[in-house]
Amino acid sequence: MLAYDENGNLREFEECENIVVCNHCKKLYRQRTEEQVPGFRDVDDDICPYCHESNGRSGDVEFHNEPLSDEEVKSLKKN
Ligand SMILES: [Zn+2]
């Protein structure tokens, strides 16, 4: 997947579970989703932790997004 590295260069990264790319700023972030409780479902937005734009929404899961450290971004780079 294509995203910006810690130096702001667009490059290819390894596909990794729970790691997604923001459609707006093209930065990598960690995403954990949690099933919503049936009967108490609410629409939750997938908000980028950097630019705070929405990358979609869901009525089934809740999104818990976190930015990655520079070290984590480096370790995901494709060689
Ligand atoms: Zn973003």
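Me: How much area does the chain expose, and what share of it do carbon and sulfur atoms supply?
Reply: The chain exposes about 5300 Å². This value belongs to a predicted model. Of that exposed area, the share supplied by carbon and sulfur atoms is 44%.

Me: Which residues form a nonpolar patch on the surface?
Reply: One member, L2, lies in strand β1, which covers residues 2-4. L2 is partly exposed, because its relative accessible area is 47%, and partly exposed stands for values between 20% and 50%. Together the patch residues have about 270 Å² of accessible area, and they are L2, Y4 and L10.

Me: In what order do the elements of the chain run from the N terminus on?
Reply: The chain contains one helix and seven strands. Its C-alpha trace spans about 45 × 20 × 20 Å along the principal axes. From the N terminus on, the order is β-β-β-β-β-β-β-α.

Me: What percentage of the residues of the chain count as buried?
Reply: A residue counts as buried when its relative accessible area is under 20%. The chain has 79 residues, and the portion that counts as buried is 29%.

Me: Is D5 buried or exposed?
Reply: D5 sits in the loop between β1 and β2. Its relative accessibility is 9%, and the cut-off for a buried residue is under 20%. D5 therefore counts as buried.

Me: Which residue forms a salt bridge with D5, and how many residues apart are the two?
Reply: Side chains of opposite charge can pair when their charged atoms come close. The closest N and O atoms of D5 and K77 are 3.4 Å apart. D5, E6 and K77 are linked in a network of salt bridges. The partner of D5 is K77, in the segment after α1, and the pair links distant parts of the chain, 72 residues apart.

Me: Where in the chain does D60, the salt-bridge partner of R41, lie?
Reply: The closest N and O atoms of R41 and D60 are 3.1 Å apart. R41 is partly exposed at 39% relative accessible area, and D60 is partly exposed at 43%. R41 lies in the loop between β4 and β5, 19 residues from D60, which lies in the loop between β6 and β7.

Me: Which helix holds both K74 and E71?
Reply: K74 forms a salt bridge with E71, with 3.6 Å between the closest N and O atoms. K74 is partly exposed at 40%, whereas E71 counts as exposed at 54%. The two are three residues apart, about one turn of the helix, and that helix is α1.

Key
Residues are numbered from 1 along each chain as its sequence is written. This is a predicted model: local features need pLDDT of at least 70, side-chain atom pairs count only at pLDDT 80 or more; totals for chains, interfaces and linings use all residues. Side-chain values use heavy atoms; hydrogens and water are left out. Helices (H or I, at least four residues) and strands (E, at least two) are DSSP runs, numbered from the N terminus. Buried means under 20% relative accessible area, exposed over 50%, partly exposed in between (1.4 Å probe, protein chains only). Accessible areas come from the Shrake-Rupley method with a 1.4 Å probe; for residues, only the protein chains shown count as cover. Patches are made of residues with over 30% relative accessible area and no salt bridge: like charges are joined within 9 Å, nonpolar side chains (Val, Leu, Ile, Met, Phe, Trp, Tyr) within 5 Å. A salt bridge is a side-chain nitrogen of Lys or Arg within 4 Å of a carboxyl oxygen of Asp or Glu.
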